[in-house]
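Q: I am new to this structure and would love a close look at one part of it, the place where the ligand sits. Could you walk me through it step by step?

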Amino acid sequence: MTHAATVPTPYESAAEAAARLAELTGVERHDVALVLGSGWLPAVDALGEATAEIDTTDLPGFSAAAVAGHSGKIRSIRCADAEGRERNLLVFLSRTHFYEGKGVAAVVHPVRTAAAAGCSAIVLTNGCGGLKEGWQPGQPVLISDHINLTGTSPIVGANFVDLTDLYSPRLRAMCKEVDGSLDEGVYVQFPGPHYETPAEVRMAGVLGGHLVGMSTTLEAIAAREAGMEVLGISLVTNLAAGLSGEPLNHEEVLEAGRSAASRMGGLLSQVVTRI
Ligand code: 8IG
């Protein structure tokens, strides 16, 4: 008699990764997850001392990081919340992008692992192009809503998840208390890996978008499916194609992150302790 190999579901795979995470970090339960996008890495040290740092590839279901400026590490950071209670942050120093072609389940595996590890909230950050008049490279913007142009979903089957208020109004208000100058915008995820044409940037604007990038929306959907509260923060690293008169390059993305690191580090550390 033959037995069909049982392939774990994405949720079982995430539970396995969370169990291994607890073993390797010695932290039984994490409270808040943070995913760092392009340009955000220099801000991470403001969050506090790492309890443990592991390679993403030490956990089942994770693949190696593929982008310069993204490090394939997961950091566990203990900090105190506003009332002095201990908090365990789970920080992903890199993400898997949709354009890597590893499938949507691979893109959202960190999110599902964070949920399985106990996180009730997740902060998704990214670097992106900005469309709004007056925005400058190096400026963080709160994501108020999104338009997912990948044509796909991390959810398979008849699970009609509600995405009203996907980007938590409560957490956005909290960010504005920390920094009253923060603006908001609608994030448009293109599949990438090429940047948009100037005509596509104009299309994004006509559709009601203010930020263009290659990540975040699928992760936000998976986080909502898992019942997590979602905060999205974009770092405008460049003006969207056709708006500055200059071609886009990845180096300006990294530079915008370096120059804005202390502002974003301060924002993140204040916000994660208040969530
Ligand atoms: I950083 O201008 C970064 N990522 N699609 N467009 C898209 N992704 C980006 C951009 C941008 N900047």
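To begin, which atom of the ligand lies 3.5 Å from a backbone N or O atom of Gly127?

A: Happy to help! Please keep in mind that this is a predicted model. The atom you ask about is a nitrogen of the ligand, and a backbone N or O atom of Gly127 lies 3.5 Å from that nitrogen. Two other residues also bring backbone atoms to the ligand. In Gly129, a backbone N or O atom lies 3.5 Å from an oxygen atom of the ligand. In Val212, a backbone N or O atom lies 3.4 Å from a ligand nitrogen. On its own the ligand has 320 Å² of accessible area, and the protein covers 96% of that.

Now let us widen the view to the residues around the ligand. Gly127, Cys128 and Gly129 belong to this shell, as do Tyr195 and Glu196. Further along the chain come Val212, Gly213 and Met214, then Thr237 and Asn238, and finally Leu248 and Val253. Sorted by class, the shell holds six nonpolar residues, five polar ones and one charged one. Strands E5 (121-130), E8 (211-213) and E9 (229-239) each give two or more residues to the shell. E5 provides the largest share, with three residues.

Next comes the space itself. The ligand sits in the largest pocket, which holds about 320 Å³ of space. This pocket has 23 lining residues, and those nearest its centre are Ser38, Gly127, Tyr195, Met214 and His250. Among the lining residues, nine are nonpolar, twelve are polar and two are charged. E5, E8 and E9 each supply at least two residues of the lining, and so does helix H6 (250-274). Once again E5 gives the largest share, this time four residues.

While you have the model open, here are two backbone details to look up. Gly192 and Pro193 are joined by a cis peptide bond, with omega at about 0°. Pro193 lies in the loop that runs between strand E7 (183-189) and helix H4 (198-206). The other detail is Asp165, a residue other than glycine whose phi is positive, near 55°. You can find Asp165 in the loop between strand E6 (139-148) and helix H3 (169-178). Both details are worth a look because most peptide bonds are trans and most residues other than glycine have a negative phi.

Note on methods
Residues are numbered from 1 along each chain as its sequence is written. This is a predicted model: local features need pLDDT of at least 70, side-chain atom pairs count only at pLDDT 80 or more; totals for chains, interfaces and linings use all residues. Side-chain values use heavy atoms; hydrogens and water are left out. A residue is near a molecule or strand if one of its heavy atoms lies within 4 Å of it. A polar contact is a pair of N or O atoms within 3.5 Å; within protein, one must be able to donate a hydrogen and the other to accept it, and residues adjacent in sequence count only if both atoms are side-chain atoms. Accessible areas come from the Shrake-Rupley method with a 1.4 Å probe; for residues, only the protein chains shown count as cover. On a 1 Å grid over the protein atoms alone, a cavity is a set of points where a 1.4 Å probe fits but cannot get out, and a pocket is an open set with protein on both sides within 12 Å along at least five of seven lines; lining residues have an atom within 4 Å of a point. A molecule sits in a cavity or pocket if more than half of its atoms lie within 2 Å of its grid points. Ala, Val, Leu, Ile, Met, Phe, Trp, Tyr, Cys and Pro count as nonpolar, Asp, Glu, Lys and Arg as charged, and the others, Gly among them, as polar. Grid points are joined across faces, edges and corners, and a volume is the space filled by probe spheres set on the points.
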